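Trainee: I am new to this structure and would like a close look at one part of it. Please pick a loop, place it in the chain, and go through its residues one at a time.

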Amino acid sequence: MTFLPSGKTVEVDPEKFRMATTGLPGSILDIAEGFKMGLDHACGGVCACSTCHVMVKEGLESCNEATDAELDEP
C-alpha cells in the first residue's frame, strides 16, 4: 500500500489485520494508523466523516465492497 503525497509504501501482512486501535480491523484507516502515516480523520473510524476517503489506483479487486455505513452521506 502506498500513501500519498509522502510516497511511503508499506507491506501489509493479512495475518495481522489489527494494526492500531482506530478504524475497523484491516481497514485502510487501521493500517495507516498502525504504520503512523497520519491519515487525517475526524470520526474515529466509524464511517461518520469524509476526511479519510481514498483513491484506489491498483488492487481494487482485493478490497471489500463498501458497507452501507460507508456509503451513507454525512
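Mentor: What follows sets out the chain as a whole and then turns to one loop, with another loop beside it for reference.

This is a predicted model, so confidence comes first, as the predictor's own score for each residue. The protein chain has a mean pLDDT of 76, and 81% of its residues reach at least 70. Among the elements of the chain, strand β2, residues 8-9, has the highest confidence, with a mean of 90, while helix α2, residues 68-71, has the lowest, with a mean of 72.

The chain holds two strands and two helices. Read from the N terminus, their order is β-β-α-α. Of its 74 residues, 18% are counted as buried. The accessible surface is about 5,800 Å², and carbon and sulfur atoms account for 53% of that area. For contacts between residues at least 6 apart in sequence, 19% link residues at least 24 apart.

The part to look at is the loop between α1, residues 28-34, and α2, where leucine 60 is found. Lysine 36 is in the loop between α1 and α2, and glutamate 58 lies in the loop between α1 and α2.

Take lysine 36 to begin with. Its backbone has a positive phi of about 55°, and it is not a glycine. The value deserves a remark because most residues other than glycine have a negative phi. Lysine 36 has a relative accessible area of 74% and is therefore exposed, the cut-off being over 50%.

Further along is glutamate 58. Its relative accessibility is 77%, so glutamate 58 also counts as exposed. Its C-alpha atom is 9.3 Å from that of methionine 1, although 57 residues separate the two along the chain.

Leucine 60 has a relative accessibility of 57%, so it too is classed as exposed. Together with Val54 and Val56, Leu60 makes a nonpolar surface patch of about 250 Å². A residue needs over 30% relative accessible area to belong to such a patch, and the 57% of leucine 60 is therefore enough.

For reference, consider the loop between β2 and α1, where glycine 23 is found. Glycine 23 has a relative accessible area of 15%, and because buried means under 20%, glycine 23 is buried. The C-alpha atoms of glycine 23 and glutamate 33 are 8.7 Å apart, and the two residues are ten apart along the chain.

Glycine 26 is also in the loop between β2 and α1. With a relative accessible area of 25%, glycine 26 is partly exposed. From its C-alpha atom to that of lysine 16 the distance is 8.1 Å, with their positions ten residues apart in sequence.

To return to the loop you asked about: lysine 36 is exposed and has a relative accessible area of 74%, glutamate 58 is exposed at 77%, and leucine 60 is exposed at 57%.

How values were computed: Residues numbered from 1 in each chain as written. Predicted model: local features only at pLDDT ≥ 70, side-chain atom pairs only at ≥ 80, totals over all residues. Heavy atoms only, no water. pLDDT = per-residue confidence, 0-100. Helix = DSSP H or I, 4+ residues; strand = E, 2+ residues; numbered from the N terminus. Patch = residues over 30% accessible without salt bridge, like charges linked within 9 Å, V, L, I, M, F, W, Y side chains within 5 Å. Areas by Shrake-Rupley, 256 points an atom, 1.4 Å probe, with all protein chains shown as cover. Salt bridge = Lys/Arg side-chain N within 4 Å of Asp/Glu carboxyl O. Buried < 20%, exposed > 50% of the residue type's maximum accessible area, 1.4 Å probe, protein only. Contact = heavy atoms within 4.5 Å.
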